[in-house]
Amino acid sequence: MEVVIEFGKLLIPAAVVLYAMYLVVKSFLDKELEKQRMEIRNRSIETVLPNRLHAYERVCLFLERITPNNLVIRLNNGQYTAREFQQILLNEIREEYNHNVSQQLYMSEEAWELVKSAKEDLIMMVNEATNRLPEKATSIDLAKQIFEMAVEKDFDPIQHALTQVKNEIRQTF
């Protein structure tokens, strides 16, 4: 029995010391792992942050380029029929969109949905403006019709999307 008590006198303090060492080592390793995670996160932020900012810049530029004022003035030379100009406008909108579609990776789902909605709304407006005109209408007539429809709107989805994207940039940075 005395052997068991002597063995217990040695084993219990050794177990306490071993457990204390386990806790110290575990704490040290947890801190080191957290430190490495933070370093990786910081390196990731250093890489992703400029890409996100660039994506927001490109989407803002896209929205500015497809505003009716900028789009029509940039593409209209007065020599097209309304139908030809409609196709030119629609192709330009789609090309601009396709060129910037990858930027959605860096944006919130809500902001990207607003960008898509603004693009679709503009396409519908161009189509509707063209349908309101007679067959022999010119690109100048279509431009006037688009401007009139844009002025009549109470809500501008392109400006709304641009505002929301800018707000998201401010919140992120």
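Glu128 is partly exposed in this predicted model, with a relative accessible area of 38%. This residue lies in helix H4, and its C-alpha atom is separated by 8.8 Å from that of Ile146, a residue 18 positions away along the chain. Ile146 itself belongs to H5, where it takes part in the contact with H2. Thr130 is likewise found in helix H4, but this residue is buried, with a relative accessible area of 1%. Setting aside residues up to four places away in sequence, Thr130 touches Ala82, Arg83, Gln86 and Leu142. Helix H4 thus offers a handy starting point for a walk through the helix packing, beginning with its contact with H6.

Two packed helices are described by the angle between their axes and the distance between the axes. For H4 and H6, the axes come within 8 Å and cross at roughly 160°. Because angles over 145 degrees count as roughly antiparallel, H4 is roughly antiparallel to H6. The crossing of these two helices is left-handed. On the H4 side, the contact is made by Ala111, Leu114, Val115, Ala118, Asp121 and Leu122. On the H6 side, the residues are Pro157, Ile158, His160, Ala161, Gln164, Val165 and Glu168. Sorted by class, the contact of H4 with H6 has 9 nonpolar, 2 polar and 2 charged residues.

H4 also meets helix H1, which spans residues 2–65, while H4 itself covers residues 109–132. Here the axes come within 11 Å and cross at roughly 20°. An angle under 35 degrees counts as roughly parallel, and H1 and H4 are therefore roughly parallel to each other. H1 passes H4 in a left-handed crossing. In this contact, Val59, Phe62 and Leu63 of H1 meet Trp112, Val115, Ala118 and Lys119 of H4. These residues divide into 6 nonpolar, no polar and 1 charged. Val115 and Ala118 appear in the list for H1 with H4 and again in the list for H4 with H6.

A further helix pair is formed by H2 (residues 68–75) and H5 (residues 139–152), whose axes come within 10 Å and cross at roughly 175°. H2 and H5 are therefore roughly antiparallel to each other. Pro68, Asn69, Val72 and Ile73 represent H2 in this contact, and Ala143, Ile146, Phe147 and Ala150 represent H5. The residues of this contact comprise 7 nonpolar, 1 polar and no charged.

Attention now turns to the core. In soluble globular proteins, nonpolar side chains tend to be buried together. In this model, the largest nonpolar core holds 36 residues, of which Leu63, Leu89 and Val165 touch the most other members. The elements giving two or more residues to this core are H1, H2, helix H3 (82–100), H4, H5 and helix H6 (157–172). H4 supplies the largest share, with 9 residues.

Val165 links the core to the helix contacts described above. This residue is listed on the H6 side of the contact with H4 and is one of the core members that touch the most others. Leaving aside neighbours within four places in sequence, Val165 is in contact with Tyr56, Val59, Cys60, Leu63, Met107, Ala111 and Val115. Among these partners, Leu63 is another of the core members that touch the most others, and Val59 and Leu63 also meet H4 from H1.

Methods
Residues numbered from 1 in each chain as written. Predicted model: local features only at pLDDT ≥ 70, side-chain atom pairs only at ≥ 80, totals over all residues. Heavy atoms only, no water. Axes fitted to C-alpha atoms, helices over the stretch in contact; angles between N-to-C directions. Helix = DSSP H or I, 4+ residues; strand = E, 2+ residues; numbered from the N terminus. Parallel < 35°, antiparallel > 145°, perpendicular 65-115°, else oblique. Contact = heavy atoms within 4.5 Å. Nonpolar A, V, L, I, M, F, W, Y, C, P; charged D, E, K, R; others polar. Left-handed = near helix turned anticlockwise from the far one by under 90°. Core = buried A, V, L, I, M, F, W, Y, C linked by side-chain atoms within 4.5 Å. Buried < 20%, exposed > 50% of the residue type's maximum accessible area, 1.4 Å probe, protein only.
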